[in-house]
Amino acid sequence: MKSPNGRRRDGLAVSVIAASVGRASRVQDAAAALPAKLIAAQKNEIIADFCAAPGGKTAQLALSGAKIVAIDRSGKRLQRLKANLDRLHLAADIVEIDALQ
């Protein structure tokens, strides 16, 4: 996880690490990993991820083997989520809906 000063615990700047691995990498906010750790999703468990786009949280949950329903009201942002999941070879059921309506 990234520290508040933009450096990893080993002292390397996050931007340097991202640049060194090229376009295939994305720096993910540490907050995206937190829900997955707190939920401790199990294989085949069904989890609804509200406000899912652009997909960091969804990807972290999908890595557990859980079945994710990624919900967001923005079709454009969901396209980014789908692209991110495809790039990572992960899957989720994607639903465009405003959950507050």
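**Salt bridges, a core and a helix with two sides**

Let's start with a pair of charged side chains: Asp49 and Lys57 meet in a salt bridge, with N to O at 2.5 Å. Keep in mind as you look that this is a predicted model. The two partners sit in rather unlike surroundings. Asp49 has a relative accessibility of 3% and counts as buried, while Lys57 is partly exposed, with a relative accessible area of 22%.

How many salt bridges are there by this rule? The count comes to three. Another one joins Asp98 to Arg73, with the closest N and O atoms 3.8 Å apart. Asp98 lies in the segment after β3 (93-96) and Arg73 in the loop between β2 (67-72) and α4 (75-88), so this pair ties together parts that are 25 residues apart in sequence. Here Asp98 is partly exposed, at 23% relative accessible area, and Arg73 is exposed, at 60%.

Then there's the pair Asp86 and Lys82, whose closest N and O atoms are 2.9 Å apart. This one is a local affair: both residues belong to helix α4, four residues apart, so about one helical turn separates them. Both are partly exposed, Asp86 with a relative accessible area of 40% and Lys82 at 42%.

Now for the inside. The largest nonpolar core has 15 residues, and Ile47, Leu61, Ile68 and Leu81 are the ones that touch the most other members. The elements that give two or more residues to this core are α3 (56-62), β2 and α4. Leu61 is a good place to zoom in. Setting aside neighbours within four places in sequence, Leu61 is in contact with Ala36, Ile39, Ala41, Ile47, Asp49, Ala66 and Ile68. You'll recognise Asp49 there as the buried partner of the salt bridge with Lys57.

Ala36 in that list takes us to helix α2 (residues 30-39), where Ala32, Ala33 and Ala36 are buried. Why do these three end up on the same side of α2? They cover an arc of only 90 degrees around the axis, and that puts them on the same side. The general rule helps: an α-helix has 3.6 residues a turn, so residues three or four places apart point the same way. Go round to the other side of α2 and you find Lys37 and Leu38, both exposed. What lies over the buried residues of α2 includes α3. One last detail to check in the backbone: just after α2, Ala40 takes a positive phi of about 50 degrees.

Definitions and conventions
Residues are numbered from 1 along each chain as its sequence is written. This is a predicted model: local features need pLDDT of at least 70, side-chain atom pairs count only at pLDDT 80 or more; totals for chains, interfaces and linings use all residues. Side-chain values use heavy atoms; hydrogens and water are left out. A salt bridge is a side-chain nitrogen of Lys or Arg within 4 Å of a carboxyl oxygen of Asp or Glu. Buried means under 20% relative accessible area, exposed over 50%, partly exposed in between (1.4 Å probe, protein chains only). A nonpolar core is a set of buried Ala, Val, Leu, Ile, Met, Phe, Trp, Tyr and Cys residues joined through side-chain atoms within 4.5 Å. Contact means heavy atoms within 4.5 Å. The arc is that of the directions from the helix axis to the C-beta atoms.
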